[in-house]
Amino acid sequence: DLWQRGLDQLDGDFARQERFKGRDVQGRLALRQGQVSTALTWFGRKRMEAADHDENGQRELAWLLYAAALTGPVDNDGYYAEECRKLLADHPEPGSGNDEVLYLLRALAAWAWRRRDGVAWEVLKSWLPELKTRLYHHQDTGPVGFTLSYLYLYQQASGENSALPDWGTIG
């Protein structure tokens, strides 16, 4: 791969940071190719290195849980879900656009749907007012839209009936 070969010719902090950022790119590419184990390895490796790059690893946790939810079960997926539930139960303030909290919400919603996890649903239900508000912002609504879509699927499968935004506003 051309990108990696270019980085191999560089050294220093810039190259180190670009290699780190590229781990999730490699993970997403592996997922698209159906190589789930490889993808999880890339996301896990990046998460382990996050502190060395002044990051908290939550975006990587979101990718680990999201991939596990949609393709699993996989090793440690219950651990990823539990950690994500705990983080979101404290209602961290999401930023704008591509905020890691929004990706954690999406991952946990996919998990709730695929595993019919009522505990995850309860955590997510407490986020509905925030999700509804963010759906109408002029920023990237992708993570919010997917989160609400997975919650619709969860409700359909579980018989739960909480007020979600009108389906037409999500699509």
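Lysine 46 and aspartate 24 form a salt bridge in this predicted model, and their closest N and O atoms are 3.6 Å apart. This pair links distant parts of the chain: lysine 46 belongs to helix α3 and aspartate 24 to helix α2, 22 residues apart. As to their surroundings, both lysine 46 and aspartate 24 are buried.

Lysine 46 has a further acidic partner to consider. Glutamate 60 also forms a salt bridge with lysine 46, and here the closest N and O atoms lie 2.9 Å apart. Glutamate 60 is located in helix α4, residues 58-71, while lysine 46 is in helix α3, so this contact ties together parts that are 14 residues apart in sequence. Glutamate 60 is buried, as is lysine 46.

Which residues are joined into one network by salt bridges that share partners? They are Asp24, Arg28, Lys46 and Glu60.

I turn now to another pair, glutamate 49 and arginine 23. These two residues form a salt bridge whose closest N and O atoms are 2.8 Å apart. Glutamate 49 lies in helix α3, which covers residues 36-49, and arginine 23 lies in helix α2, which covers residues 12-32; the pair therefore ties together parts that are 26 residues apart in sequence. Are these two residues buried or exposed? Both glutamate 49 and arginine 23 are buried.

To place these contacts in the whole, the structure holds 13 salt bridges. Those presented today include the pair of glutamate 49 with arginine 23, the pair of lysine 46 with aspartate 24, and the pair of glutamate 60 with lysine 46.

Definitions and conventions. Residues are numbered from 1 along each chain as its sequence is written. This is a predicted model: local features need pLDDT of at least 70, side-chain atom pairs count only at pLDDT 80 or more; totals for chains, interfaces and linings use all residues. Side-chain values use heavy atoms; hydrogens and water are left out. A salt bridge is a side-chain nitrogen of Lys or Arg within 4 Å of a carboxyl oxygen of Asp or Glu. Helices (H or I, at least four residues) and strands (E, at least two) are DSSP runs, numbered from the N terminus. Buried means under 20% relative accessible area, exposed over 50%, partly exposed in between (1.4 Å probe, protein chains only).
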